[in-house]
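The exercises below ask you to work through a structure step by step, with a solution after each task. Please look over the sequence and the model before you begin.

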Amino acid sequence: MKDDCIFCKIAAGQIPSATLWEDGDFRVILDLGPASRGHALILPKEHYADLCELDDAVGAKVMPLARKIGSAMMKALGCAGFNVVQNNGEAAGQTVRHFHVHIIPRYEGGPKIVAWEPGELNDADKAQIVEAVKMKL
Ligand code: AMP
Ligand code: ZN
């Protein structure tokens, strides 16, 4: 646990939260600034700043939990789908440096929440990117 981390305190139950799920590894809470009705956050109880730091065994449990929460939202809240979003680094929009996963319910006819304008991938760039990234794997 990191002393100055708000999500560590929430995950540990030291700061009250609207908790949807709790087990030995995670607490799932409602986001205080929801993108849509029911927006939730999966918080590991251990502190990892981001996905790069996340423990593999904990990480392996994240997607099954995201599915569990998202499926329950579809039954309980009437959303037609949900986005699973996970930001790493300030440039990617991460504001709290404790790994977390957003589960964002999406409603029929609702606003675009997770969207971007598609660019273009040219052949030269494609080759360069593939070579550069593969070198670091
Ligand atoms: P991110 O931008 O991916 O780091 O997401 C951080 C999220 O945490 C935002 O959606 C905030 O609304 C949410 N948030 C920040 N503080 C709290 C809090 N105390 N309780 C619940 N959600 C929070
Ligand atoms: Zn933390």
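**Exercise 1: the surroundings of Glu22**

Leaving aside the residues within four places of it in sequence, Glu22 is in contact with Arg27 and Lys45. The model is a predicted one, and the task is to describe how Glu22 is placed and which polar contacts its side chain makes with Arg27 and Lys45.

*Solution.* Begin with the secondary structure, where Glu22 belongs to strand β1, which spans residues 19–22. Next, consider exposure: Glu22 has a relative accessible area of 43%, and because the partly exposed class lies between 20% and 50%, Glu22 is assigned to that class. Then turn to the two partners, taking the side chains in turn: that of Glu22 makes a polar contact of 3.4 Å with the side chain of Arg27, and another, of 2.7 Å, with the side chain of Lys45. As a last step, place Glu22 relative to Leu77, which is 55 residues away in sequence and, from C-alpha to C-alpha, 20 Å away in space.

**Exercise 2: the nonpolar cores**

Determine which residues of the largest nonpolar core touch the most other members, and which element gives the most to this core.

*Solution.* The largest nonpolar core holds 16 residues, and within it Ile42 and Ile103 touch the most other members. Strands β2 (26–30), β3 (40–44) and β5 (101–106), together with helix α3 (62–77), each supply at least two residues of this core, and α3 gives the most, namely 5 residues. Looking at Ile42 in detail, and not counting residues up to four places away in sequence, one finds that it touches Ile103 and Val101, as well as others including Phe26, Val28, Val62, Leu65 and Phe99. Apart from this core lies another, of 9 residues, among them Ile10, Ala11, Leu41 and Leu43.

**Exercise 3: the surroundings of ligand 1**

Establish which residues come nearest to ligand 1, and what percentage of its accessible area the protein covers.

*Solution.* Of the 16 residues around ligand 1, those that come nearest are Asp31, Gly93, Thr95, His100 and His102. Now examine the backbone: a polar backbone atom of Thr95 lies 2.7 Å from an oxygen atom of ligand 1, a backbone N or O atom of Val96 is 3.1 Å from an oxygen atom of the ligand, and a polar backbone atom of Leu32 is 3.2 Å from a nitrogen atom of the ligand. Finally, of the 500 Å² of accessible area that ligand 1 has on its own, the protein covers 79%.

Technical notes: Residues numbered from 1 in each chain as written. Chains lettered and ligands numbered in written order. Predicted model: local features only at pLDDT ≥ 70, side-chain atom pairs only at ≥ 80, totals over all residues. Heavy atoms only, no water. Core = buried A, V, L, I, M, F, W, Y, C linked by side-chain atoms within 4.5 Å. Buried < 20%, exposed > 50% of the residue type's maximum accessible area, 1.4 Å probe, protein only. Helix = DSSP H or I, 4+ residues; strand = E, 2+ residues; numbered from the N terminus. Contact = heavy atoms within 4.5 Å. Near = heavy atom within 4 Å. Polar contact = N/O pair within 3.5 Å; in protein donor to acceptor, adjacent residues only side chain to side chain. Areas by Shrake-Rupley, 256 points an atom, 1.4 Å probe, with all protein chains shown as cover.
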